[in-house]
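Got the viewer open? Load the model, switch on residue labels, and keep the selection box handy.

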Amino acid sequence: MGQLFSDTSKNEDNGDLVSSFKTYFKNFKIENKIISQETINLIESYLNKGNLHEANSLICDALKNIDNAPINIAVTGESGGGKSSFINALLGIGPEDEGAAQVGVIETTMKRTSYKHPKIKTLTVWDLPGIGTQKFPPKTYLEEVKFKEYDFFVIVSATRFTKLELELAKAIEIMKKNYYFVRTKVDFDLDSEKKTKPRTFEREKILKLIRSNSVNNFRENNMTVPQIFLVSNYDLSDYDFPVLMDTLIKDLSAQKRHNFMLSLPDITEAAIDRKHKATQQFIWLEAFKAGVLATFPIVGILTDNDVEKLTEKLNHYRKLFGVDDESLEILAKDCKVSVEKVKEIIKSPHLLKTNREETLGETLLKCLEIFASANGGLLATGLYFRKTFYLQFYFLDTVTEDAKVLLRWAYSKK
């Protein structure tokens with residue numbers, strides 16, 4: 001789970017608050033922090049001065065900005081380059097799912113088309129028409145597709161990047177926007193080579209050749225060679241898709257980083273851990289905000305309203321990590337087993353089940369006892385967190401482990 005609490009004493013002075021805040025965020029690399037270092041320093045400054053209300057207000061604003069910050073991703077490339085499949089990969093959905101970009105059809109993109117992420121409502125992926133068509137000539141392309149609205153551009157190709165696409169990259173750079181070259185369908189290239197040259201086939205040698213050809217593409221046009229990502233839209237855990245996601249996370253602003261990390265598909269345990277860290281920070285900041293003005297422990301009984309909100313939180317985490325009922329049904333169908341069989345190997349679907357002798361509130365308090373025993377007690381810091389926040393941490397840990405269990409299980413079935 002990672003360190004939630006500092007080892008400071010239970011004193012209620014401002015130094016203890018600052019120490020707790022500093023210690024917590026020291027555990028995260030810069031690219032994994034969901035608030036900027038500047039904001040962290042400012043909060044610490046207010047806490048040092050004893051200005052708890054300003055610190056509280058700043059955390060409130062940061063959380064609100066994180067929740068509402070729009071993320072707009074532009075994807076462009078020639079017809080047949082795997083653009084639609086790449087968009088679906090970013091959205092974490094298949095070609096037959098609702099809201100997916102159409103795959104395997106004749107190029108019909110004559111205007112920019114938006115695709116909303118099914119779980120992260122602030123994230124939109126834009127399918128842009130290829131540059132150089134009659135309606136989108138090179139000179140006016142960026143203006144026509146409203147380039148100012150995007151956080152970054154992804155230029156996709158299944159072969160060589162065209163002269164116009166390279167010129168587009170130069171123009172994007174001049175406009176001080178980030179762009180990323182993605183070479184798709186490397187799995188198709190490898191399969192083709194393996195079929196035609198089974199005795200001499202060497203996977204790494206072919207990948208090196210594909211990358212080398214792309215590099216030469218830039219050099220021939222007198223361009224600085226950028227990082228080129230080799231991707232299979234149907235095997236995201238292989239090749240460079242995880243590296244691309246890491247790069248995008250590092251390049252995004254801190255306030256947009258949180259929701260982008262939550263949007264990523266659970267293709268590796270590292271991706272799941274990153275999503276866990278992002279969500280954990282959000283819960284911790286909410287708990288810190290609620291506890292920073294408290295002068296006595298707020299660890300009383302759970303109200304009916306608490307129970308209702310906790311149920312909503314658990315369902316939210318299950319959906320984010322792909323272990324909600326709908327996702328489990330899809331996985332069960334893909335693996336040709338019953339959904340009951342899938343639920344047997346994970347814990348989160350059963351957390352809120354009660355027996356006849358106890359209420360849901362009592363069941364949640366049992367969960368709290370489990371969490372406390374695993375973390376050395378509840379008040380391991382000078383801060384006073386409500387029981388509801390401790391339970392959110394417990395739910396998050398459980399759902400995270402469930403996602404990893406299902407990932408391993410799905411791979412074993414393949």
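What follows is a walk through the chain, one selection at a time.

**Before you click**

This is a predicted model, in which local features need pLDDT of at least 70 and side-chain atom pairs count only at pLDDT 80 or more, while totals for chains, interfaces and linings use all residues. Residues are numbered from 1 along each chain as its sequence is written, and side-chain values use heavy atoms, with hydrogens and water left out.

**Whole chain**

Start with a cartoon view. You have 16 helices and six strands; these are DSSP runs, numbered from the N terminus, with helices being H or I of at least four residues and strands E of at least two. Of the 414 residues, 49% are buried, where buried means under 20% relative accessible area, exposed means over 50%, and partly exposed is in between (1.4 Å probe, protein chains only).

Switch to a surface. The accessible area is about 21,100 Å², and carbon and sulfur atoms own 50% of it; areas come from the Shrake-Rupley method with a 1.4 Å probe, and for residues only the protein chains shown count as cover. Now think about contacts, meaning heavy atoms within 4.5 Å. Taking those between residues at least 6 apart in sequence, 69% join residues at least 24 apart.

**The cores**

Select Phe-21, Ile-73 and Phe-260: they have the most contacts inside the largest nonpolar core, which has 88 residues. Such a core is a set of buried Ala, Val, Leu, Ile, Met, Phe, Trp, Tyr and Cys residues joined through side-chain atoms within 4.5 Å. Helix H16 (residues 387-413) supplies the largest share of this core, 12 residues. Apart from it lies another core, of 30 residues, including Tyr-141, Leu-168, Tyr-179 and Val-186. In soluble globular proteins, nonpolar side chains tend to be buried together.

Which residues does Phe-21 contact, leaving aside neighbours within four places in sequence? Show Ile-40, Ile-43, Glu-44, Leu-47, Ile-59, Trp-284, Leu-285 and Phe-288 as sticks and you have the set.

From there, hop to Leu-47 in helix H2 (residues 37-48). Leu-47 counts as buried because its relative accessibility is 0%. Put a distance label from its C-alpha to that of Val-18: the two are 29 residues apart in sequence and 5.9 Å apart in space.

**Where H4 crosses H9**

Two packed helices are described by the angle between their axes and the distance between the axes. Select H4 (residues 83-91) and H9 (residues 241-251): their axes come within 13 Å and cross at roughly 65°. Here axes are lines fitted to C-alpha atoms, for helices over the stretch in contact, and angles run from 0 to 180 degrees between N-to-C directions.

The crossing of H4 and H9 is right-handed, so the near helix is turned clockwise from the far one by less than a right angle (anticlockwise would be left-handed). Add side chains: Phe-86, Ala-89 and Leu-90 of H4 meet Phe-241, Leu-244 and Met-245 of H9. By class, this contact has six nonpolar, no polar and no charged residues. Ala, Val, Leu, Ile, Met, Phe, Trp, Tyr, Cys and Pro count as nonpolar, Asp, Glu, Lys and Arg as charged, and the others, Gly among them, as polar.

**Three buried stops**

- Gln-281 sits in helix H11 (residues 269-291) and is buried because its relative accessibility is 0%. Leaving aside neighbours within four places in sequence, Gln-281 contacts Tyr-24, Phe-25, Phe-28, Asn-32, Lys-33 and Ile-34.
- Phe-389 is in H16 and is buried at 10% relative accessibility. With neighbours within four places set aside, Phe-389 contacts Ile-283, Glu-286, Ala-287 and Ala-290. Its C-alpha is 9.7 Å from that of Ala-290, 99 residues away along the chain.
- Leu-331 is in helix H13 and is buried at 19%. Not counting residues up to four places away, Leu-331 touches Val-342, Leu-406, Trp-409 and Ala-410. The C-alpha atoms of Leu-331 and Leu-406 are 9.0 Å apart.

**Two lysines with positive phi**

Most residues other than glycine have a negative phi, and most peptide bonds are trans. Select Lys-176, in the loop between helix H6 (163-174) and strand E5 (178-183): its phi is near 60°. Is Lys-176 buried or exposed? Lys-176 counts as exposed, because its relative accessibility is 76%.

Finish at Lys-336, in the loop between H13 (325-334) and helix H14 (339-344). Lys-336 has a positive phi of about 60° and is exposed, with a relative accessible area of 75%.
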